[in-house]
Amino acid sequence: MFANTPKPPYYAVIFTAVRTDIDDDYAATSKLMRALASKVDGYLGIETAGDGVEITVSYWKDLNAIQQWRQNTDHQMAKSRGKKDWYQRYISRIAL
C-alpha cells in the first residue's frame with residue numbers, strides 16, 4: 001500500500017535492515033510502532049517492502065516531527081531490541 005503524502009516538500013526516513021533469525025515479538029512490535037508513529041503530529045504515512053532486505057520509508061511533515069518520534073520511549077525500547085535481537089545490519093537515513 002502506498003502512503004498518501006501531500007505535495008512536497010516533506011521528509012522521508014528510510015530504514016534499511018537485514019534481519020536475524022530471531023522473530024520473537026517482532027511482528028507485534030512493528031505493528032505497535034506503526035500505530036504509535038501515526039499519532040505523532042506531522043506523521044504522513046509509511047511504506048514497507050522486503051525480501052531478505054527490509055526497507056521501511058516513513059514520511060514526515062518536518063524535522064521536528066521526526067525528532068518527536070525519535071524521542072518516544074516505546075520507539076527507543078524497540079530500537080534497542082532491534083539492535084540486540086532482530087537486525088544483523090541496518091542503516092537509517094533522512095531525506096528531504
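This tour moves through selections in a predicted model, from its nonpolar cores to helix 2 and then to Arg-19.

Begin by selecting Tyr-11, Val-13, Met-33, Leu-36, Ala-37, Val-40, Tyr-43, Trp-60, Ala-65, Ile-66, Trp-69 and Ala-78; these 12 residues form the largest nonpolar core. Colouring by secondary structure shows that strand 1 (11-19), helix 1 (26-37) and helix 2 (63-71) each contribute at least two residues to this core. A second core of five residues, separate from that one, includes Ala-3, Tyr-10, Val-57 and Tyr-59.

Next, centre the view on Ala-37. Leaving aside residues up to four places away in sequence, Ala-37 is in contact with Tyr-43, Trp-60 and Trp-69.

Proceed to helix 2, where Ala-65, Ile-66 and Trp-69 are buried. These three residues lie on the same side of helix 2, because the arc they cover around the axis is only 100 degrees. In general, an α-helix has 3.6 residues a turn, so residues three or four places apart point the same way. Now display what covers the buried residues of helix 2: the covering elements include strand 1, helix 1, strand 3 (54-60), helix 3 (73-86) and strand 4 (87-95). At the N-terminal end of helix 2, select Asp-62, which acts as a cap, with a side-chain oxygen 3.3 Å from the backbone nitrogen of Asn-64.

Finally, select Arg-19 in strand 1. Is Arg-19 buried or exposed? Arg-19 counts as buried because its relative accessibility is 18%, under the 20% cut-off. The side chain of Arg-19 makes a polar contact of 3.0 Å with that of Asp-23. Beyond four places in sequence, Arg-19 touches Tyr-26, Glu-54, Trp-86, Tyr-87 and Gln-88.

Conventions
Residues are numbered from 1 along each chain as its sequence is written. This is a predicted model: local features need pLDDT of at least 70, side-chain atom pairs count only at pLDDT 80 or more; totals for chains, interfaces and linings use all residues. Side-chain values use heavy atoms; hydrogens and water are left out. A nonpolar core is a set of buried Ala, Val, Leu, Ile, Met, Phe, Trp, Tyr and Cys residues joined through side-chain atoms within 4.5 Å. Buried means under 20% relative accessible area, exposed over 50%, partly exposed in between (1.4 Å probe, protein chains only). Helices (H or I, at least four residues) and strands (E, at least two) are DSSP runs, numbered from the N terminus. Contact means heavy atoms within 4.5 Å. A polar contact is a pair of N or O atoms within 3.5 Å; within protein, one must be able to donate a hydrogen and the other to accept it, and residues adjacent in sequence count only if both atoms are side-chain atoms. The arc is that of the directions from the helix axis to the C-beta atoms.
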